[in-house]
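Hi,

Here is the structure I promised to pass on. Have a look at it first, and my notes on what turned up follow below.

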Amino acid sequence: MAIRKVAVMGNPVLREVAKPVSEAEINTPEFQALIGDMVETMHEYDGRGLAAPQIHISKQILVMVWDFNPKEKAYLLCLVNPVIKPITDETSSYWEGCLSLPGLRGKVTRPNKVSVTALNQKGEKLSFTADGFAATVIQHECDHLLGKLYIDRMDDLSQLAFNREFQRYHSEGDFDPEEAE
Ligand code: ZN
């Protein structure tokens, strides 16, 4: 496994629509090695999620740490070709961070419940719903596969801050901020 270089805002790879992965490709050693590299890179940069375009691979793959349910042990989730759909009109706002926008945080409003279908790293079909902060993280990651960054989803850029100013002026009383991919 290897730590890959992370693409930051301005790199065109972050603005491409990522290509779907074929089921035949999933079962190759190269693909499995890529997943391993994504996980290692995510951990190295203390991210909680990482999408393949962030390591210059324009494919529909993301990895994330699933630790949203206090009753479950945290585990790694890998989604291939994910499709998400909002299933409520209700929204939530969280301060998001991104390894591709280092040092910044922005407050983003998104639907607070989504349905998710995807393949896992073995090519098995997954189907589940995510709500609250989990829904935000998964939408943030899936946006990377559409060539979108969280700042594209912000309707108020006065809520974009450097980390130090976020901590100084915006963190009190808010949800404990966590680094999204
Ligand atoms: Zn991100």
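Let me start with one contact: the side chains of Asp67 and Arg48 form a salt bridge, with 2.4 Å from N to O. Asp67 sits in the loop between β2 and β3 and Arg48 in the loop between α2 (29–44) and β1, so the salt bridge ties together parts 19 residues apart in sequence. Asp67 is partly exposed, at a relative accessible area of 38%, whereas Arg48 is buried, at 5%. Please keep in mind that this is a predicted model.

The strand just mentioned, β2 (residues 61–66), is mostly covered, with 6 of its 6 residues buried. That holds for both faces: Ile61, Val63 and Val65 lie on one side, and Leu62, Met64 and Trp66 on the other. On one hand, β2 runs antiparallel to β1 (residues 49–51), joined by 3 bridges; Gly49 has Met64 as its bridge partner. On the other hand, 6 bridges join β2 to β3 (residues 75–86), again antiparallel, and here Ile61 is partnered with Val80.

Back to the charged pairs: there are 8 salt bridges in the structure. One of them joins Arg15 and Asp152 at 2.6 Å, N to O. This pair links distant parts of the chain, 137 residues apart: Arg15 is in the segment before α1 (23–26), and Asp152 in the loop between α3 (132–145) and β8 (160–162). Arg15 is partly exposed at 41% relative accessibility, and Asp152 is partly exposed at 34%.

Finally, Glu96, Arg110, Asp143 and Arg153 are linked in a salt-bridge network.

Best wishes

Note on methods:
Residues numbered from 1 in each chain as written. Predicted model: local features only at pLDDT ≥ 70, side-chain atom pairs only at ≥ 80, totals over all residues. Heavy atoms only, no water. Buried < 20%, exposed > 50% of the residue type's maximum accessible area, 1.4 Å probe, protein only. Helix = DSSP H or I, 4+ residues; strand = E, 2+ residues; numbered from the N terminus. Pairing = 2+ DSSP bridges. Salt bridge = Lys/Arg side-chain N within 4 Å of Asp/Glu carboxyl O.
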